[in-house]
Amino acid sequence: MKILALLTILLSFNTYSFINIESLRKNSKPGLNTSGKILFNQQAGNTEKILGSASTLNSYLDGIHEYILTGNIRYGESFGEKDTDDGSIHLRYTREIVRPHFLETYIQHQYNKFQALTSRNLAGLGYRFSNKYFNFGVGAFHEEESIIDRPEENGLRGNIYLSHSEKTESGFEFSTILYVQPSMARGNDTRTTFNAGISQNITKSMALVVEYQNVYDQRPPEDIKTYDASLMFGLTFK
């Protein structure tokens with residue numbers, strides 16, 4: 001019943017995410033933890049324009065069990081025409097084995113209409129090592145990918161990540177994470193995601209935030225660039 005209640009609360013949010021969850025993990029307390037962000041960015045890569053982003057980060061910590069739901073949605077227009085429409089939702093369960101060793105399982109759905117990605121669904125398992133200095137994870141996931149003008153693809157990918165998060169007594173916070181996801185079937189098909197963010201508390205419930213993200217795809221759809229980079233500014237609410 002606790003899990004059902006948690007999912008009911010979390011799914012009632014109407015925003016979704018693909019952002020660094022390490023700061024949420026570092027600040028989580030027993031019970032339900034929620035926060036939201038409203039960001040604006042200047043983007044370079046496949047799109048050149050100004051856009052808006054809304055996201056939510058949620059976790060439930062119960063002893064050796066941790067449940068996380070993140071979501072993000074972005075929308076943008078240039079000269080009166082829509083040129084950004086993407087989003088994702090990610091649900092993760094982590095169980096402590098013997099600290100600092102953990103097991104993780106997760107599912108994710110995402111789409112990006114302006115990268116020809118109709119949908120990408122994945123489910124994975126992994127191992128996580130976490131201490132006060134850094135977090136390291138290794139595992140694999142199965143994905144189903146639907147891209148315009150390309151046959152649907154299914155396959156396995158490795159998933160390796162390294163992250164770090166720091167917070168000072170003054171309310172300044174820095175977090176960064178790097179994902180490397182090579183295809184198990186093709187040697188020339190690796191994806192990487194680098195995300196870094198800084199924030200400064202204004203009040204106990206609100207902070208200024210700056211986030212940078214760079215996503216690289218070694219094998220993108222035809223006429224799509226190999227990378228997208230974005231620099232985002234805004235507020236986070238806790």
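Reader: Are arginine 120 and glutamate 145 buried or exposed?

Author: In this predicted model, local features need pLDDT (the predictor's confidence in each residue, from 0 to 100) of at least 70, side-chain atom pairs count only at pLDDT 80 or more, and totals for chains, interfaces and linings use all residues. Residues are numbered from 1 along each chain as its sequence is written, and side-chain values use heavy atoms, with hydrogens and water left out. Buried stands for under 20% relative accessible area, exposed for over 50% and partly exposed for what lies in between, with a 1.4 Å probe and protein chains only. Arginine 120 and glutamate 145 are both buried.

Reader: How far apart are the closest N and O atoms of arginine 120 and glutamate 145?

Author: A salt bridge requires a side-chain nitrogen of Lys or Arg within 4 Å of a carboxyl oxygen of Asp or Glu. Arginine 120 forms one with glutamate 145, and their closest N and O atoms lie at 2.4 Å.

Reader: Which strand holds glutamate 143, the other partner of arginine 120 named here?

Author: Arginine 120 also forms a salt bridge with glutamate 143, at 3.7 Å between the closest N and O atoms. Strands are DSSP runs of E, at least two residues, numbered from the N terminus. Arginine 120 belongs to strand β6, and 23 residues away in sequence glutamate 143 belongs to strand β7.

Reader: What is the relative accessibility of lysine 113, which meets aspartate 85 in a salt bridge?

Author: The N to O distance between lysine 113 and aspartate 85 is 3.4 Å. Aspartate 85 is buried at 11%, whereas lysine 113 counts as exposed, because its relative accessibility is 52%.

Note on methods
Helices (H or I, at least four residues) and strands (E, at least two) are DSSP runs, numbered from the N terminus.
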